[in-house]
Amino acid sequence: MAPTIHGEHGCRYFFFSREEPRMHVHVSRADGEAKRWLAPDVALARNYRLSESQFREVEEVIRKRKDEFGTAWHRHFHG
């Protein structure tokens, strides 16, 4: 299961239900994807084919919505 928690600028922000316990978010778009840690700070876990400008855009969205994504993470994994 991979619930979508946000969509913006052609990107889908989500997490997998059966993955590592460290809080993070996956981002997918037609031409690439990335995984970003949310805690303790927003940081790169992996980048697959996102251009530098796409990467900056994703970074901005995640930083802006970090609390919202964290709340969705806790709600999903901890009820």
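## Briefing on a predicted chain and its salt bridges

At 29% relative accessibility, E19 counts as partly exposed, and this residue is a useful place to begin, since E19 joins its side chain to that of K35 in a salt bridge with an N to O distance of 3.6 Å. The model is a predicted one. In it, the chain is made up of two helices and five strands, and the structure holds 10 salt bridges.

**Overall fold and form**

- Going along the sequence, the elements of the chain come in the pattern β-β-β-β-β-α-α.
- The radius of gyration of the chain is 12 Å, close to the 12 Å that the globule rule gives for 79 residues, and the chain is therefore as compact as a globular protein of that length.
- Taken along the principal axes, the box filled by the C-alpha atoms of the chain is roughly 35 × 25 × 20 Å.

**Burial, contacts and surface**

- Of the 79 residues in the chain, 38% are buried.
- Among the contacts in the chain with a separation of 6 or more, 34% are between residues that stand 24 or more positions apart.
- The chain has an accessible surface of about 4,800 Å², and carbon and sulfur atoms account for 49% of that surface.

**Charged side chains**

- The chain carries 14 positive and 12 negative side chains, and a distance of 4 Å lies between the centres of the two sets.
- A network of salt bridges links E8, K64, R65 and E68.

**The E19 and K35 pair**

- The salt bridge between E19 and K35 has an N to O distance of 3.6 Å; because E19 lies in the loop between β2 (11–14) and β3 (24–29), while K35 lies in strand β4 (residues 32–37), the pair ties together parts that are 16 residues apart in sequence.
- The two partners are described by separate values, for E19 is partly exposed at 29% relative accessibility, whereas K35 has 2% relative accessibility and counts as buried.

**Two further pairs**

- R29 and D31 form a salt bridge in which the closest N and O atoms are 2.9 Å apart, and D31 is partly exposed, with a relative accessible area of 37%.
- E59 and R36 form a salt bridge as well, with 2.0 Å between the closest N and O atoms; since E59 lies in helix α1 (residues 52–64) and R36 in strand β4, this pair ties together parts that are 23 residues apart in sequence.
- Both E59 and R36 are buried.

Technical notes: Residues numbered from 1 in each chain as written. Predicted model: local features only at pLDDT ≥ 70, side-chain atom pairs only at ≥ 80, totals over all residues. Heavy atoms only, no water. Helix = DSSP H or I, 4+ residues; strand = E, 2+ residues; numbered from the N terminus. Rg over C-alpha atoms; globule rule 2.2 N^0.38 Å. Buried < 20%, exposed > 50% of the residue type's maximum accessible area, 1.4 Å probe, protein only. Contact = heavy atoms within 4.5 Å. Areas by Shrake-Rupley, 256 points an atom, 1.4 Å probe, with all protein chains shown as cover. Lys, Arg positive; Asp, Glu negative; His and termini not counted. Charge placed at Lys NZ, Arg CZ, Asp CG, Glu CD. Salt bridge = Lys/Arg side-chain N within 4 Å of Asp/Glu carboxyl O.
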